[in-house]
Amino acid sequence: MTMIENELAEIRRLGGALHGKDFLATWDKSADELRSVLQIARCLMTLRENNISCRLFDSGLAVAHFRDQSTRTRFSYASGANLLGLALQDLDEGKSQISHGETARETANMISFLTEVIGIRDDMFLGAGHTYMVEMGRSLDDGYRHAVLPQRPMIVNLQSDIDHPTQSMADLLHLGQYFGGLDHLRGKKIVMSWAYSPSYGKPLSVPQGIIGLITRFGMRVVLAHPEGYDLIPEVVERAARQASESGGSFQRAGSMGEAFVDADIVYPKSWAPYHVMERRTALLHQNDTAGLKDLERECLANNARFTSWECSEAGMRRTRNGKALYMHCLPADISRVSCVRGEVQDSVFERYRIETYKEAGFKPYIVAAMILAGRFENPAEVLDNLASRGEKRLRS
Amino acid sequence: MTMIENELAEIRRLGGALHGKDFLATWDKSADELRSVLQIARCLMTLRENNISCRLFDSGLAVAHFRDQSTRTRFSYASGANLLGLALQDLDEGKSQISHGETARETANMISFLTEVIGIRDDMFLGAGHTYMVEMGRSLDDGYRHAVLPQRPMIVNLQSDIDHPTQSMADLLHLGQYFGGLDHLRGKKIVMSWAYSPSYGKPLSVPQGIIGLITRFGMRVVLAHPEGYDLIPEVVERAARQASESGGSFQRAGSMGEAFVDADIVYPKSWAPYHVMERRTALLHQNDTAGLKDLERECLANNARFTSWECSEAGMRRTRNGKALYMHCLPADISRVSCVRGEVQDSVFERYRIETYKEAGFKPYIVAAMILAGRFENPAEVLDNLASRGEKRLRS
Amino acid sequence: MTMIENELAEIRRLGGALHGKDFLATWDKSADELRSVLQIARCLMTLRENNISCRLFDSGLAVAHFRDQSTRTRFSYASGANLLGLALQDLDEGKSQISHGETARETANMISFLTEVIGIRDDMFLGAGHTYMVEMGRSLDDGYRHAVLPQRPMIVNLQSDIDHPTQSMADLLHLGQYFGGLDHLRGKKIVMSWAYSPSYGKPLSVPQGIIGLITRFGMRVVLAHPEGYDLIPEVVERAARQASESGGSFQRAGSMGEAFVDADIVYPKSWAPYHVMERRTALLHQNDTAGLKDLERECLANNARFTSWECSEAGMRRTRNGKALYMHCLPADISRVSCVRGEVQDSVFERYRIETYKEAGFKPYIVAAMILAGRFENPAEVLDNLASRGEKRLRS
């Protein structure tokens, strides 16, 4: 088969050691490994487009462990798992039942006897989500080492307090497709900017995931936000380090308008300041409803000082030829559509609406690619076999 | 293979253009197209009975979007989708999250990247359910046209405020099987009658679906209800028009007893008057709990004037040879079983109980047939291939 | 294929008539039939370990009808069903909707048109769970006899008020594997002992299931509990009868320490006294919240008199060579881990933790084996065909 020949050659060339590992953060992986995941995703897209079955698992569960609400990530996970032949099984118990420590170790094993992958979303408590995933991974290691589990299920981070790799990798794939390959991103200017929203408490994992990933591909990355809206310091430091290592740059800006100048890509999105998320986490742990209300009031009042941080037509005109690519993880707070004032002016969003949908459409394939790379030793061979076999997905 | 030879010939003869279309109301389809769906359902039943696999999809999601509770329709949808190889995925968010307008358009796309069919039940608000489905269909068109979606998922109406096509088509298939073919229905008298129930607010979609469908096959259709228990006027007008076009008739009656005389089929079922559903919808939108309580009281008091609208043994004796076929979409309000007085006398229901179960048993195949016809260009060829391939469903 | 040759020969030798029957209690089955289920489970494990597909159903639903919360049984059921190719479908309606009597009969049929197995968990009300399953079985018989259902779905008891056969059979398989075969259990001493827990109202089905099963294999069985913590008398009487028939023995003990002397296996687990469960059931039926609180207080106070019923290191030293196998259905109440004082000392549990996980790991295969035996006429041939076909589960 020639339809995925180039991608397979590239995957073979890149090598990497994703097999048998969890996917918790992009910065745990080498740049080549990340490129490999993108190529695998592209292969799966091509195979499906050509009506070739991508069923690799004849049986097996994909556990969906969502600790907060989700529509698009849930469907991305369900779709990616289904594409490979896995059956979704929800683990929806309250936190009281699946708590940390001893019980979490046991639960990890009890749900995993015939499980291939566990997708976890846990982004509400700063300091908790990533830790929980690491802990669950250790429990699975323990069970696998002691032959409790016939296989070591892989954990895929579907959004933690720190990173959101299925989102950022889908965004990267989108950028690659849009600009004609990852190599064309080199030197491009991308702005990850805070934007105003009439809500508060939006997680940090999207901006953190973005700057933690795109600083590795030689781009000129600018992080813009009002004073006080900081991300977790370690993530920002890593972004700076990675940018310089990759031959790109990383800068901070205190104004959206300033940051947008000559940008090739803009990603305006609201988030809550790091220290607010810390206070919020403490209040949530204390079940302090009154305190949470107070914090919300305080934050919304503070947010209201920055309604000018809207991705407006005026702002877009400052970008390269006035035509920067607008990105968003969706749903966006669109001024005069979903709220009076929001992250983005309605006409700007509408112009890029279809692009944001396409951006989201890569997510199921990124999920599937992560599973494939984590569960199979030789992804290129596996994909080659799928293509050669050529079984039809729709069996008309 | 000869086991479905006659049905395949019929499907080929009927032609039709169901491919690529949603199934929202039977009256959007030609009579030949409806006949075709019935034949496809019959083929699937025969194949399954003969232990032949009907798996047409190697992967793909069937989204279940139920905006109110359901057991039998949910299982019919799950069963039909599973028969064809699709994996069920619930979309169960509250209305606040998946609201109308901009957001609905986005959600429609976000859940559809690898989705083949979306089954929607939305029957609580008069003026809302059907409109919602049309709107979602437009959003899918938009996404497909812009290459956001690699395929255009089909929408199947699993009950709206206007029609309930999986129910009415299953009922029609039941009638066809019972009387030895659709052609034998010509000239037969069928009574769709209101019946007393100690509850109120039952949807209009079943009686509307029935008169909107069966008036197209040359039957003598009588719609009977107490004064004031009107259905949506447009639906009734369409029924009358269709009856005359099909060489049948459509009459109204103000008494169950009168309507039952010489009937071949009776379908006694409670519903709330059209104008009550309008008031109820307004109150629901206003969250007017007190108003809803008042309305319920008023309606139950009014209902109580018509407890004689029970499908009794005396009533059944008036039908043709006292042996009309009793139909119901289930669950029925059975006097002295599920309530003191209800829609049907216990002995009448018990005599036809198994027939009503069989009636319900056609629904999964109707769902599967709608999906097959909507998603595959040449249903006859697809079914022929399934039969020829002859893969076993149970692989003993 | 030789990998399961011995097991197949054994299954053929044992014979049995599990096909077409529900699996509600182990004592409804002959000892040979139970041995056969264990051998089928072992075959499925071997096939999966060797990456051989165990997909027997190309389509079909496995209904999960859980009337109370569950994680591990739910996943066992999901895993076992998935291994065989069935799709899980939850039936999660409130009790008000799926009530007993007429409605239950109807619901049983409505969910079963394309269903192969219904797994039911209903253990909260003494006198209710088992009865409900029998009743549902009769409804399915009725539907199948009248050709409403094209197949008679099998019911698998996933825990009733009386028995918990998937648990006890997994425990028995664990014992067989641990001691090198069921025949090596003959003469071994096993203690099913009550143990202290800071909660109350734990179901009787585990201890009842254990003594109802293991008394059939020639073991020396001891049931130990404080005065008043009786199990359902009929179950205890049956255990005694079975023990003597199988050439083993059945004794009662009033002290854990005494019972543990020279034990080969100990199963210390909390349960509520039979008469308490009767009172609790009555209060639950009356919705008597205050009464339930009072009962709980009374029971916890009574429990507190028996905190010494902990499986301690001192207790374990009394067992054969101080090395009895510790068993538990999990989750255990572990002293100083999940509670101050509980069923088992932390160091004892930790020493056997991996063994209890392995014990739990047999459950998905027991579920799958029950389904296979219940739905296929000739399990040995079916398994032989799977092995001969040799389709890969992971299709790398």
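**A helix crossing, a chain contact and a domain contact**

In chain C, helix α3 (residues 72-84) and helix α14 (residues 363-375) have axes that come within 8 Å and cross at roughly 50 degrees. That angle is why α3(C) counts as oblique to α14(C). The crossing of α3(C) past α14(C) is right-handed. Keep in mind that this is a predicted model.

So who touches whom here? On the α3(C) side you'll find C:S76, C:Y77, C:S79, C:G80, C:A81, C:L83 and C:L84, and they meet C:K363, C:P364, C:Y365, C:V367, C:A368, C:I371 and C:L372 of α14(C). Sorted by class, this contact has ten nonpolar, three polar and one charged residues.

Now step over to chains A and B. Here 23 residues of chain B are in contact with 30 residues of chain A. Looking at chain B's side, the elements giving two or more residues are β2 (87-90) and α4 (102-110). α4(B) gives the most, with six residues. Chain B's side divides into twelve nonpolar, seven polar and four charged residues.

Finally, look inside chain A. Its domain assignment gives domain 1 (5-163 + 363-389) and domain 2 (167-360), with C-alpha centres 26 Å apart. Their contact takes 20 residues from domain 1 and 23 residues from domain 2. On the domain 1 side, α2 (31-49), β4 (154-160) and α14 (363-375) of chain A each supply at least two residues, and α2(A) gives the most, with six residues. By class, that side of domain 1 of chain A has ten nonpolar, four polar and six charged residues.

Conventions. Residues are numbered from 1 along each chain as its sequence is written. Chains are lettered from A and ligands numbered from 1 in the order in which they are written. This is a predicted model: local features need pLDDT of at least 70, side-chain atom pairs count only at pLDDT 80 or more; totals for chains, interfaces and linings use all residues. Axes are lines fitted to C-alpha atoms, for helices over the stretch in contact, and angles run from 0 to 180 degrees between N-to-C directions. Helices (H or I, at least four residues) and strands (E, at least two) are DSSP runs, numbered from the N terminus. Angles under 35 degrees count as roughly parallel, over 145 as roughly antiparallel, 65 to 115 as roughly perpendicular and the rest as oblique. A crossing is left-handed if the near helix is turned anticlockwise from the far one by less than a right angle, and right-handed if clockwise. Two residues are in contact if their C-beta atoms, placed from the backbone, lie within 7 Å. Ala, Val, Leu, Ile, Met, Phe, Trp, Tyr, Cys and Pro count as nonpolar, Asp, Glu, Lys and Arg as charged, and the others, Gly among them, as polar. Domain bounds come from an automatic or database domain assignment.
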